[in-house]
Amino acid sequence: MLHKEGHEEQRHSECPPEYIVFDEERGEYICTLTGEVVEETVIDSGPEWRAYTPEEKTRRSRVGSPLTHTLPDYGLLTTISSYRDATGRKLEARVRLEASRLRRLQAKLRAATSIEKNIEQAVREITRFVDALNLPRSIIDTAMMIYRQAAEKGLVRGRSLESMAAAAVYAACRIRGIPRSIDDIAELVKGGRKEVARCYRLIVRELKLRMPIVDPIRYVSRIVSALRLSPAVERRAAEILMQARRMGLTAGKDPAGLAAAAIYIAALELGERRTQKEIAAAAGVTEVTVRNRYKELVQKLNIPLPAQ
């Protein structure tokens with residue numbers, strides 16, 4: 001008996017994956033090459049209905065919209081958004097007035113507490129930052145998740161809503177691996193960089209967020225584009241950063257500063273010189289940062305530079 005089970009397992013393992021299909025009616029995986037049943041009594045977790053077009057799938061689906069952090073109620077409440085009935089016909093004047101009253105009441109219920117009202121204001125600020133910086137729309141939900149946690153923990157009380165929202169956007173960019181410096185975001189905030197940085201450190205510490213280390217190479221393309229340098233400079237800067245990473249020189253360093261220094265070196269080597277001030281401005285870091293990282297990379301990597 002043991003021998004037979006071992007033999008069956010061997011036969012099944014020989015079926016190439018590209019020939020295995022799922023039979024929905026029988027709930028079985030079948031090998032189309034040999035005709036044998038690879039696995040049976042499989043539970044189908046999908047819907048019981050069939051749909052052959054996206055429109056038909058949407059029409060037959062009985063599930064509502066996914067939860068979202070951009071609404072105080074997570075999008076659970078039904079929204080009164082139309083003055084038409086289920087058949088599409090316009091409502092009578094009396095019913096429209098009642099629907100308008102219910103809509104106003106619903107708006108109050110959606111943001112009944114001070115935290116919910118604060119979250120509504122934060123959504124507008126975060127959306128403004130995302131639009132101004134041309135960030136992916138998905139950043140809004142990630143930033144709102146962070147901001148909501150901070151609000152529920154009482155971190156926003158007594159602090160600038162604008163600065164906390166900006167800090168949440170920066171944290172979301174770090175989590176999602178999007179190369180944006182804190183200076184890019186702070187330019188849109190009245191309180192300035194210092195206040196945004198303070199709020200960011202507070203959020204990371206109190207919410208115990210683990211921020212992934214951003215690869216400085218991700219910053220290179222944006223900085224090179226802003227400075228209108230050639231693709232050759234971009235490639236050479238990436239090579240310098242990869243060599244620095246192999247030697248352990250990038251750990252604990254500001255990725256934007258490292259990228260700026262590598263671009264400065266590459267531009268010097270290829271005769272497309274830019275000043276440290278120009279590169280620092282494009283990278284959103286200080287000239288001192290560019291100068292320090294530049295000296296370190298040249299010295300540790302033994303890079304010979306042309307006479308300046």
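**Salt bridges and nonpolar cores**

Arg-293 and Glu-296 sit three residues apart in helix 13, which covers residues 287-301, and that spacing is about one turn of the helix. The model shown here is predicted. In it, the side chains of Arg-293 and Glu-296 meet in a salt bridge, with 3.3 Å from N to O. Both Arg-293 and Glu-296 are buried. Elsewhere, Glu-125, Arg-128 and Glu-162 are joined into one network by salt bridges that share partners.

How many salt bridges does the structure hold? There are 12. One of them pairs Asp-184 with Arg-222, where the closest N and O atoms are 3.4 Å apart. This pair links distant parts of the chain: Asp-184 belongs to helix 7 and Arg-222 to helix 9 (residues 217-227), and 38 residues separate them. Are the two partners buried or partly exposed? Asp-184 counts as buried because its relative accessibility is 14%, and the cut-off for buried is under 20%. Arg-222 has a relative accessibility of 22%, so this residue counts as partly exposed.

Another salt bridge joins Arg-236 to Glu-269, and here the closest N and O atoms are 2.6 Å apart. Arg-236 lies in helix 10 (residues 231-246) and Glu-269 in helix 11 (residues 255-269), so the salt bridge ties together parts of the chain that are 33 residues apart in sequence. Glu-269 has a relative accessible area of 28% and is therefore partly exposed.

The nonpolar residues come next. In soluble globular proteins, nonpolar side chains tend to be buried together. The largest nonpolar core in this model has 43 residues. Which of its members touch the most other members? They are Ile-126, Leu-135, Ile-139, Ile-146, Tyr-147, Met-164 and Val-169. At least two residues of this core come from each of helix 4 (114-132), helix 5 (138-152), helix 6 (161-176), helix 7 (182-186) and helix 8 (192-206). Helix 6 gives the most, with 11 residues.

Val-169 shows what such contacts look like for a single residue. Leaving aside residues up to four places away in sequence, Val-169 touches Ile-126, Phe-129, Leu-135, Ile-139, Ala-143 and Ile-185. A second core, separate from the one above, has 35 residues, among them Leu-249, Ala-260, Ile-265 and Ile-279.

Terms used
Residues numbered from 1 in each chain as written. Predicted model: local features only at pLDDT ≥ 70, side-chain atom pairs only at ≥ 80, totals over all residues. Heavy atoms only, no water. Core = buried A, V, L, I, M, F, W, Y, C linked by side-chain atoms within 4.5 Å. Buried < 20%, exposed > 50% of the residue type's maximum accessible area, 1.4 Å probe, protein only. Helix = DSSP H or I, 4+ residues; strand = E, 2+ residues; numbered from the N terminus. Contact = heavy atoms within 4.5 Å. Salt bridge = Lys/Arg side-chain N within 4 Å of Asp/Glu carboxyl O.
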